[in-house]
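Good morning, everyone, and thank you for making the time. Please have a look at the sequence and the model before I begin to talk through them.

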Amino acid sequence: MNYKIKGTYDLLPEDSIKWEYVQNKLKEIFKKYNYKEIRTPIMEYSEVFHREGEFSDMVQKETYNFVDKGNRNITLRPEATAGIMRSVIETKNYAQNDILKYFYIGPNYRYERPQKGRFREFYQFGVEVIGLKSPYVDAEVIMLASDIITEFGLDGVLIKLNSLGDNQSRLKYQKVLKEYFESHKEGLCNDCQTRLDNNPLRILDCKIDGPKEVVKNAPKSIDYLTDSSKVHFETVLKVLDENKINYEIDHNLVRGIDYYSETVFEIHANIKDFGNANTLGGGGAYDNLSTDLGGPELTGIGFSFGMERFVEALEVSGAMPNLEYALDAYIITFDEEYNTFASKVLKDLRDHKVIAEMDYDNKSVKSKMKKAIKANPKYLIFIGEDEVKNNLVSVKDTNTQEQKPMKVKELIKLLGGK
Ligand code: HAM
(Lines give C-alpha, C1' and ligand atoms only; values in the text may rest on other atoms or scores of the structure.)
Protein backbone atom coordinates (compact mmCIF):
# COMPACT_ATOMS: atom_id res chain seq x y z
CA MET A 1 0.00 0.00 0.00
CA ASN A 2 1.35 3.42 -0.94
CA TYR A 3 0.39 6.46 1.06
CA LYS A 4 0.60 10.11 0.17
CA ILE A 5 3.59 12.09 1.41
CA LYS A 6 3.14 13.74 4.80
CA GLY A 7 1.91 17.30 4.42
CA THR A 8 0.33 16.68 1.01
CA TYR A 9 -3.31 16.04 0.17
CA ASP A 10 -5.52 14.84 -2.66
CA LEU A 11 -7.91 17.44 -3.95
CA LEU A 12 -11.04 15.46 -4.84
CA PRO A 13 -13.89 16.69 -7.08
CA GLU A 14 -16.10 17.74 -4.14
CA ASP A 15 -13.30 20.15 -3.17
CA SER A 16 -11.87 21.02 -6.57
CA ILE A 17 -15.23 22.59 -7.47
CA LYS A 18 -14.65 24.99 -4.56
CA TRP A 19 -11.16 25.80 -5.78
CA GLU A 20 -12.54 26.45 -9.24
CA TYR A 21 -15.06 28.88 -7.77
CA VAL A 22 -12.33 30.69 -5.83
CA GLN A 23 -9.96 30.85 -8.78
CA ASN A 24 -12.61 32.17 -11.16
CA LYS A 25 -13.70 34.85 -8.72
CA LEU A 26 -10.09 35.81 -8.00
CA LYS A 27 -9.41 36.24 -11.69
CA GLU A 28 -12.37 38.61 -11.92
CA ILE A 29 -10.99 40.65 -9.03
CA PHE A 30 -7.45 40.75 -10.48
CA LYS A 31 -8.90 41.82 -13.81
CA LYS A 32 -10.57 44.87 -12.22
CA TYR A 33 -7.13 46.03 -11.10
CA ASN A 34 -5.59 45.22 -14.52
CA TYR A 35 -3.23 42.53 -13.23
CA LYS A 36 -2.16 39.84 -15.71
CA GLU A 37 -1.32 36.23 -14.97
CA ILE A 38 2.26 34.98 -14.74
CA ARG A 39 3.33 31.34 -14.40
CA THR A 40 6.92 30.62 -13.53
CA PRO A 41 8.54 27.18 -13.05
CA ILE A 42 8.02 25.19 -9.88
CA MET A 43 11.72 24.27 -9.90
CA GLU A 44 14.46 26.87 -10.10
CA TYR A 45 18.21 26.89 -9.63
CA SER A 46 18.80 26.90 -5.89
CA GLU A 47 20.47 30.31 -5.90
CA VAL A 48 17.15 31.95 -6.80
CA PHE A 49 16.05 31.24 -3.22
CA HIS A 50 19.35 30.58 -1.43
CA ARG A 51 20.62 34.11 -1.83
CA GLU A 52 23.34 35.79 0.15
CA GLY A 53 21.73 37.51 3.14
CA GLU A 54 18.66 35.26 3.20
CA PHE A 55 18.60 33.77 6.68
CA SER A 56 14.92 32.98 7.01
CA ASP A 57 13.93 29.56 8.33
CA MET A 58 11.88 29.09 5.20
CA VAL A 59 14.95 29.21 2.97
CA GLN A 60 17.56 27.85 5.40
CA LYS A 61 15.61 24.95 6.83
CA GLU A 62 12.50 24.28 4.83
CA THR A 63 13.37 24.13 1.15
CA TYR A 64 13.29 20.93 -0.88
CA ASN A 65 16.69 20.82 -2.58
CA PHE A 66 18.15 18.22 -4.89
CA VAL A 67 20.96 17.74 -7.36
CA ASP A 68 19.70 16.80 -10.81
CA LYS A 69 21.33 14.33 -13.21
CA GLY A 70 23.31 17.17 -14.74
CA ASN A 71 24.77 17.96 -11.31
CA ARG A 72 22.83 21.19 -10.96
CA ASN A 73 21.46 22.38 -7.61
CA ILE A 74 17.73 22.68 -7.89
CA THR A 75 15.12 23.91 -5.38
CA LEU A 76 11.36 23.42 -5.48
CA ARG A 77 10.03 26.91 -5.01
CA PRO A 78 8.97 27.66 -1.43
CA GLU A 79 7.23 30.86 -2.61
CA ALA A 80 6.55 32.67 -5.85
CA THR A 81 8.14 36.10 -5.52
CA ALA A 82 11.82 35.27 -6.12
CA GLY A 83 11.06 33.19 -9.23
CA ILE A 84 8.93 36.01 -10.63
CA MET A 85 11.74 38.51 -10.06
CA ARG A 86 14.17 36.07 -11.72
CA SER A 87 11.83 35.98 -14.73
CA VAL A 88 11.50 39.78 -14.88
CA ILE A 89 15.30 40.13 -14.87
CA GLU A 90 15.85 37.34 -17.39
CA THR A 91 13.18 38.52 -19.86
CA LYS A 92 14.20 42.16 -19.32
CA ASN A 93 10.50 42.93 -19.11
CA TYR A 94 11.36 45.69 -16.67
CA ALA A 95 12.69 47.69 -19.65
CA GLN A 96 9.16 48.17 -21.01
CA ASN A 97 8.98 51.54 -19.32
CA ASP A 98 5.85 50.55 -17.45
CA ILE A 99 5.16 48.83 -14.18
CA LEU A 100 4.54 45.09 -14.33
CA LYS A 101 1.39 43.96 -12.55
CA TYR A 102 1.24 40.19 -12.20
CA PHE A 103 -1.03 37.74 -10.44
CA TYR A 104 -0.39 34.04 -9.91
CA ILE A 105 -1.94 30.88 -8.51
CA GLY A 106 0.29 27.85 -8.04
CA PRO A 107 1.96 25.26 -5.81
CA ASN A 108 4.88 25.77 -3.43
CA TYR A 109 6.92 23.43 -1.24
CA ARG A 110 8.16 23.86 2.32
CA TYR A 111 9.41 21.18 4.67
CA GLU A 112 7.36 22.42 7.60
CA ARG A 113 5.66 20.61 10.43
CA PRO A 114 2.21 19.92 8.99
CA GLN A 115 -0.64 21.35 11.07
CA LYS A 116 -3.91 23.16 10.57
CA GLY A 117 -3.60 25.35 7.46
CA ARG A 118 0.05 24.34 7.00
CA PHE A 119 1.18 21.81 4.41
CA ARG A 120 4.38 20.75 2.69
CA GLU A 121 2.83 21.13 -0.72
CA PHE A 122 0.46 24.08 -0.72
CA TYR A 123 -0.97 26.59 -3.14
CA GLN A 124 -0.65 30.32 -2.99
CA PHE A 125 -2.39 33.00 -4.93
CA GLY A 126 -1.05 36.50 -4.99
CA VAL A 127 0.26 39.48 -6.89
CA GLU A 128 3.57 41.21 -7.54
CA VAL A 129 3.90 44.76 -8.84
CA ILE A 130 7.39 45.44 -10.11
CA GLY A 131 9.04 48.59 -11.40
CA LEU A 132 7.82 51.61 -9.44
CA LYS A 133 8.49 52.65 -5.89
CA SER A 134 5.43 54.62 -4.87
CA PRO A 135 3.29 54.72 -1.73
CA TYR A 136 0.27 54.69 -4.05
CA VAL A 137 1.37 51.36 -5.49
CA ASP A 138 1.78 50.02 -1.94
CA ALA A 139 -1.69 51.26 -1.05
CA GLU A 140 -3.21 49.75 -4.19
CA VAL A 141 -1.69 46.35 -3.40
CA ILE A 142 -2.94 46.47 0.19
CA MET A 143 -6.40 47.56 -0.93
CA LEU A 144 -6.49 44.70 -3.42
CA ALA A 145 -5.69 42.24 -0.62
CA SER A 146 -8.43 43.74 1.51
CA ASP A 147 -10.85 43.71 -1.43
CA ILE A 148 -10.29 39.97 -1.89
CA ILE A 149 -11.41 39.29 1.68
CA THR A 150 -14.52 41.43 1.41
CA GLU A 151 -15.47 40.32 -2.14
CA PHE A 152 -15.54 36.73 -0.93
CA GLY A 153 -17.77 37.72 1.96
CA LEU A 154 -15.33 37.12 4.83
CA ASP A 155 -15.82 39.17 7.99
CA GLY A 156 -13.46 41.26 10.01
CA VAL A 157 -10.74 42.04 7.51
CA LEU A 158 -7.76 43.56 9.29
CA ILE A 159 -4.47 44.57 7.69
CA LYS A 160 -1.50 44.56 10.06
CA LEU A 161 1.15 46.94 8.82
CA ASN A 162 4.68 48.03 9.52
CA SER A 163 7.54 49.74 7.77
CA LEU A 164 11.09 48.42 7.78
CA GLY A 165 12.31 51.45 5.85
CA ASP A 166 14.91 51.73 3.11
CA ASN A 167 18.43 50.28 3.31
CA GLN A 168 19.76 53.16 5.38
CA SER A 169 16.87 52.93 7.87
CA ARG A 170 17.26 49.17 8.13
CA LEU A 171 21.01 49.29 8.74
CA LYS A 172 20.49 51.77 11.54
CA TYR A 173 17.62 49.78 13.02
CA GLN A 174 19.52 46.49 12.82
CA LYS A 175 22.42 48.04 14.73
CA VAL A 176 20.11 49.34 17.48
CA LEU A 177 18.27 46.04 17.65
CA LYS A 178 21.50 44.09 17.88
CA GLU A 179 22.72 46.22 20.76
CA TYR A 180 19.37 45.82 22.53
CA PHE A 181 19.30 42.04 22.18
CA GLU A 182 23.02 41.71 23.06
CA SER A 183 22.12 43.10 26.45
CA HIS A 184 19.25 40.59 26.80
CA LYS A 185 21.07 37.64 25.23
CA GLU A 186 20.50 35.23 28.09
CA GLY A 187 16.73 35.42 27.63
CA LEU A 188 16.88 34.29 23.99
CA CYS A 189 16.57 30.80 22.51
CA ASN A 190 19.59 29.15 20.85
CA ASP A 191 18.42 29.98 17.34
CA CYS A 192 17.96 33.63 18.25
CA GLN A 193 21.44 33.84 19.72
CA THR A 194 22.74 32.92 16.25
CA ARG A 195 20.25 35.29 14.62
CA LEU A 196 21.82 38.06 16.68
CA ASP A 197 24.89 37.91 14.44
CA ASN A 198 23.19 37.13 11.12
CA ASN A 199 20.02 39.13 11.20
CA PRO A 200 18.57 40.41 14.49
CA LEU A 201 15.28 41.29 12.75
CA ARG A 202 14.51 37.58 12.61
CA ILE A 203 14.33 37.52 16.43
CA LEU A 204 11.15 39.62 16.31
CA ASP A 205 9.63 36.89 14.17
CA CYS A 206 10.79 33.91 16.28
CA LYS A 207 8.05 31.46 17.21
CA ILE A 208 9.67 30.83 20.63
CA ASP A 209 10.94 34.30 21.58
CA GLY A 210 8.33 36.34 19.71
CA PRO A 211 5.76 36.32 22.53
CA LYS A 212 8.35 37.15 25.26
CA GLU A 213 8.33 40.59 26.94
CA VAL A 214 11.93 41.21 25.87
CA VAL A 215 10.86 41.00 22.23
CA LYS A 216 7.65 42.91 22.74
CA ASN A 217 9.63 45.78 24.29
CA ALA A 218 12.30 45.83 21.59
CA PRO A 219 13.03 49.06 19.68
CA LYS A 220 10.60 49.75 16.84
CA SER A 221 11.66 50.01 13.20
CA ILE A 222 9.31 52.92 12.71
CA ASP A 223 11.46 55.08 15.02
CA TYR A 224 14.52 54.63 12.79
CA LEU A 225 13.08 55.49 9.40
CA THR A 226 14.86 58.01 7.19
CA ASP A 227 12.80 61.05 6.24
CA SER A 228 11.91 59.66 2.83
CA SER A 229 10.85 56.26 4.27
CA LYS A 230 8.77 58.06 6.86
CA VAL A 231 6.98 60.16 4.25
CA HIS A 232 6.50 57.05 2.12
CA PHE A 233 4.85 55.13 4.97
CA GLU A 234 2.74 58.08 6.09
CA THR A 235 1.43 58.49 2.56
CA VAL A 236 0.49 54.78 2.42
CA LEU A 237 -1.45 55.20 5.68
CA LYS A 238 -3.15 58.35 4.42
CA VAL A 239 -4.40 56.60 1.27
CA LEU A 240 -5.62 53.66 3.35
CA ASP A 241 -7.40 56.07 5.72
CA GLU A 242 -9.07 57.90 2.85
CA ASN A 243 -10.28 54.58 1.47
CA LYS A 244 -11.49 53.37 4.87
CA ILE A 245 -9.28 50.30 4.94
CA ASN A 246 -9.23 48.67 8.35
CA TYR A 247 -5.59 48.50 9.40
CA GLU A 248 -3.50 48.43 12.55
CA ILE A 249 0.20 49.12 12.94
CA ASP A 250 2.11 46.17 14.33
CA HIS A 251 5.61 47.26 15.36
CA ASN A 252 6.96 43.72 15.57
CA LEU A 253 5.78 42.70 12.13
CA VAL A 254 8.91 41.92 10.11
CA ARG A 255 7.61 38.95 8.05
CA GLY A 256 9.38 35.64 7.68
CA ILE A 257 11.54 36.30 4.61
CA ASP A 258 14.61 38.54 4.47
CA TYR A 259 14.00 40.35 1.19
CA TYR A 260 11.55 42.87 2.65
CA SER A 261 12.03 46.60 2.90
CA GLU A 262 9.71 49.58 3.47
CA THR A 263 6.03 48.56 3.76
CA VAL A 264 5.24 45.07 5.11
CA PHE A 265 1.79 43.73 5.96
CA GLU A 266 -0.33 40.74 6.85
CA ILE A 267 -3.94 40.10 6.02
CA HIS A 268 -6.21 38.78 8.75
CA ALA A 269 -9.88 37.92 8.85
CA ASN A 270 -12.07 36.97 11.74
CA ILE A 271 -12.35 33.19 11.33
CA LYS A 272 -13.66 31.08 14.17
CA ASP A 273 -11.19 28.53 15.61
CA PHE A 274 -8.48 29.45 13.12
CA GLY A 275 -5.83 30.38 15.68
CA ASN A 276 -2.51 31.06 13.95
CA ALA A 277 -3.98 30.19 10.58
CA ASN A 278 -5.96 33.43 10.93
CA THR A 279 -3.17 35.04 8.92
CA LEU A 280 -4.62 34.39 5.53
CA GLY A 281 -1.86 36.17 3.67
CA GLY A 282 1.14 38.41 3.89
CA GLY A 283 3.36 40.55 1.79
CA GLY A 284 5.45 43.64 1.44
CA ALA A 285 7.94 45.57 -0.62
CA TYR A 286 11.35 44.32 -1.68
CA ASP A 287 13.87 46.90 -2.88
CA ASN A 288 16.90 44.60 -2.94
CA LEU A 289 15.61 41.34 -4.36
CA SER A 290 16.48 42.24 -7.94
CA THR A 291 20.07 43.27 -7.17
CA ASP A 292 20.45 40.23 -4.88
CA LEU A 293 19.56 38.14 -7.93
CA GLY A 294 22.10 39.95 -10.10
CA GLY A 295 19.52 42.22 -11.73
CA PRO A 296 19.24 46.00 -11.99
CA GLU A 297 17.88 48.24 -9.23
CA LEU A 298 14.22 47.39 -9.37
CA THR A 299 11.63 47.60 -6.67
CA GLY A 300 8.57 45.46 -6.14
CA ILE A 301 5.70 44.84 -3.77
CA GLY A 302 3.25 41.98 -3.50
CA PHE A 303 1.39 39.55 -1.29
CA SER A 304 0.39 35.90 -1.22
CA PHE A 305 -2.53 34.08 0.39
CA GLY A 306 -2.54 30.39 1.25
CA MET A 307 -5.20 28.77 -0.93
CA GLU A 308 -6.07 25.87 1.43
CA ARG A 309 -6.50 28.25 4.35
CA PHE A 310 -8.56 30.63 2.28
CA VAL A 311 -10.95 27.91 1.05
CA GLU A 312 -11.32 26.58 4.59
CA ALA A 313 -11.96 30.09 5.90
CA LEU A 314 -14.78 30.51 3.38
CA GLU A 315 -16.26 27.18 4.41
CA VAL A 316 -16.20 27.61 8.17
CA SER A 317 -17.52 31.14 7.99
CA GLY A 318 -20.40 30.15 5.70
CA ALA A 319 -19.10 32.27 2.81
CA MET A 320 -18.67 29.33 0.43
CA PRO A 321 -21.75 29.11 -1.81
CA ASN A 322 -23.49 25.78 -2.44
CA LEU A 323 -21.72 24.45 -5.48
CA GLU A 324 -22.84 21.56 -7.62
CA TYR A 325 -21.58 20.08 -10.84
CA ALA A 326 -24.20 20.91 -13.48
CA LEU A 327 -25.49 18.06 -15.66
CA ASP A 328 -27.96 18.84 -18.44
CA ALA A 329 -28.70 15.42 -19.85
CA TYR A 330 -28.22 11.82 -18.76
CA ILE A 331 -28.80 9.13 -21.36
CA ILE A 332 -30.20 5.73 -20.48
CA THR A 333 -30.56 3.03 -23.13
CA PHE A 334 -32.96 0.11 -22.67
CA ASP A 335 -30.42 -2.31 -24.07
CA GLU A 336 -26.81 -2.36 -25.21
CA GLU A 337 -27.87 -2.66 -28.87
CA TYR A 338 -29.05 1.01 -28.72
CA ASN A 339 -25.75 2.29 -27.38
CA THR A 340 -24.27 3.19 -30.78
CA PHE A 341 -27.30 5.30 -31.63
CA ALA A 342 -27.08 6.83 -28.17
CA SER A 343 -23.39 7.59 -28.59
CA LYS A 344 -24.26 9.71 -31.64
CA VAL A 345 -26.92 11.58 -29.67
CA LEU A 346 -24.37 12.13 -26.90
CA LYS A 347 -21.78 13.51 -29.31
CA ASP A 348 -24.38 15.77 -30.91
CA LEU A 349 -25.33 17.19 -27.51
CA ARG A 350 -21.73 17.75 -26.51
CA ASP A 351 -20.93 19.31 -29.88
CA HIS A 352 -23.56 21.88 -28.95
CA LYS A 353 -22.00 22.51 -25.54
CA VAL A 354 -24.65 20.60 -23.62
CA ILE A 355 -23.24 18.91 -20.49
CA ALA A 356 -24.18 15.31 -21.13
CA GLU A 357 -23.48 11.88 -19.68
CA MET A 358 -24.41 8.31 -20.56
CA ASP A 359 -24.39 5.14 -18.51
CA TYR A 360 -22.26 2.54 -20.34
CA ASP A 361 -22.77 -0.10 -17.69
CA ASN A 362 -24.82 -2.93 -19.13
CA LYS A 363 -27.09 -3.33 -16.13
CA SER A 364 -30.86 -3.24 -15.69
CA VAL A 365 -32.78 -0.07 -16.45
CA LYS A 366 -33.73 0.06 -12.77
CA SER A 367 -30.09 0.20 -11.68
CA LYS A 368 -29.31 2.75 -14.40
CA MET A 369 -32.20 4.90 -13.12
CA LYS A 370 -30.82 4.79 -9.59
CA LYS A 371 -27.46 6.09 -10.75
CA ALA A 372 -29.07 8.68 -13.00
CA ILE A 373 -31.13 10.15 -10.16
CA LYS A 374 -28.01 10.42 -8.03
CA ALA A 375 -26.25 12.30 -10.85
CA ASN A 376 -29.06 14.88 -10.66
CA PRO A 377 -29.41 15.83 -14.36
CA LYS A 378 -31.93 18.36 -15.66
CA TYR A 379 -33.23 15.81 -18.16
CA LEU A 380 -33.23 12.05 -18.46
CA ILE A 381 -32.96 10.85 -22.05
CA PHE A 382 -34.35 7.39 -22.79
CA ILE A 383 -33.40 5.47 -25.91
CA GLY A 384 -34.97 2.12 -26.89
CA GLU A 385 -36.36 0.39 -29.94
CA ASP A 386 -39.03 2.99 -30.81
CA GLU A 387 -36.66 5.91 -30.42
CA VAL A 388 -34.03 4.34 -32.70
CA LYS A 389 -36.67 3.38 -35.29
CA ASN A 390 -38.15 6.88 -35.37
CA ASN A 391 -34.84 8.72 -34.89
CA LEU A 392 -36.10 10.37 -31.69
CA VAL A 393 -35.27 10.51 -28.01
CA SER A 394 -37.65 10.36 -25.04
CA VAL A 395 -36.98 13.28 -22.75
CA LYS A 396 -38.03 13.44 -19.11
CA ASP A 397 -37.86 16.70 -17.21
CA THR A 398 -36.61 15.62 -13.76
CA ASN A 399 -38.24 18.66 -12.22
CA THR A 400 -41.80 18.34 -13.56
CA GLN A 401 -41.54 14.57 -14.30
CA GLU A 402 -43.10 15.32 -17.70
CA GLN A 403 -41.90 13.03 -20.49
CA LYS A 404 -42.18 13.37 -24.26
CA PRO A 405 -40.45 12.24 -27.45
CA MET A 406 -38.58 14.76 -29.57
CA LYS A 407 -35.87 15.17 -32.20
CA VAL A 408 -32.33 15.64 -30.93
CA LYS A 409 -32.37 19.09 -32.52
CA GLU A 410 -35.35 20.06 -30.34
CA LEU A 411 -33.61 18.67 -27.27
CA ILE A 412 -30.53 20.80 -28.00
CA LYS A 413 -32.77 23.84 -28.30
CA LEU A 414 -34.57 22.93 -25.06
CA LEU A 415 -31.20 22.75 -23.29
CA GLY A 416 -30.02 26.05 -24.71
CA GLY A 417 -27.25 24.35 -26.66
CA LYS A 418 -25.03 26.44 -28.88
P1 HAM B 1 4.58 33.96 3.40
O2 HAM B 1 4.13 34.75 4.57
O3 HAM B 1 5.72 33.04 3.59
O4 HAM B 1 4.91 35.00 2.25
O5 HAM B 1 3.35 33.15 2.84
C6 HAM B 1 2.15 33.80 2.48
C7 HAM B 1 0.96 32.96 2.88
O8 HAM B 1 1.08 31.65 2.33
C9 HAM B 1 0.80 32.72 4.38
O10 HAM B 1 0.16 33.80 5.00
C11 HAM B 1 -0.05 31.46 4.41
O12 HAM B 1 -1.42 31.79 4.20
C13 HAM B 1 0.45 30.71 3.19
N14 HAM B 1 1.42 29.67 3.57
C15 HAM B 1 2.73 29.81 3.86
N16 HAM B 1 3.27 28.62 4.19
C17 HAM B 1 2.29 27.70 4.09
C18 HAM B 1 2.19 26.29 4.30
N19 HAM B 1 3.25 25.58 4.65
N20 HAM B 1 1.00 25.68 4.11
C21 HAM B 1 -0.10 26.40 3.75
N22 HAM B 1 -0.08 27.73 3.54
C23 HAM B 1 1.08 28.37 3.71
C24 HAM B 1 5.32 34.66 1.00
O25 HAM B 1 5.32 33.53 0.56
C26 HAM B 1 5.70 35.86 0.16
N27 HAM B 1 6.12 35.38 -1.16
C28 HAM B 1 4.55 36.83 0.05
C29 HAM B 1 4.92 38.01 -0.79
C30 HAM B 1 4.57 38.21 -2.08
N31 HAM B 1 5.69 39.00 -0.42
C32 HAM B 1 5.84 39.83 -1.43
N33 HAM B 1 5.18 39.35 -2.45
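I will speak about one sheet and then about the enclosed space inside the protein.

Please keep in mind throughout that what we are looking at is a predicted model. Let me begin with the sheet, which is open and made of 3 strands in the order β2-β4-β3, with antiparallel pairing. Since β2, covering 43-45, and β3, covering 64-67, stand at the edges and have a single partner strand each, one side of each is left without a neighbour in the sheet. Direction ignored, neighbouring strands here are turned by 35° against each other on average.

Now to the individual pairings, where β2 is joined by 3 bridges to β4, the strand of residues 73-76, and where Glu 44 stands opposite Thr 75 in β4. On the other side of the pairing scheme, β3 is joined to β4 by 4 bridges, and here Phe 66 stands opposite Ile 74 of β4. What links β3 and β4 along the chain? The two strands form a hairpin with 5 residues between them, and in the turn Asn 71 has a positive phi of about 65°.

Let me turn to the enclosed space. With a cut-off of 30 Å³ or more, the count comes to 1 cavity, and the largest cavity holds about 50 Å³ of space. Which residues line the largest cavity? Among them are Leu 132, Lys 133, Asp 138, His 232, Glu 262, Asp 287 and Ile 301, and the lining as a whole divides into 3 nonpolar, 4 polar and 4 charged residues.

Key. Residues numbered from 1 in each chain as written. Predicted model: local features only at pLDDT ≥ 70, side-chain atom pairs only at ≥ 80, totals over all residues. Heavy atoms only, no water. Pairing = 2+ DSSP bridges. Axes fitted to C-alpha atoms, helices over the stretch in contact; angles between N-to-C directions. 1 Å grid on protein atoms, 1.4 Å probe; cavity = no way out; pocket = protein on both sides within 12 Å on 5 of 7 lines; lining within 4 Å. Points joined across faces, edges and corners; volume = space filled by probe spheres on them. Nonpolar A, V, L, I, M, F, W, Y, C, P; charged D, E, K, R; others polar.
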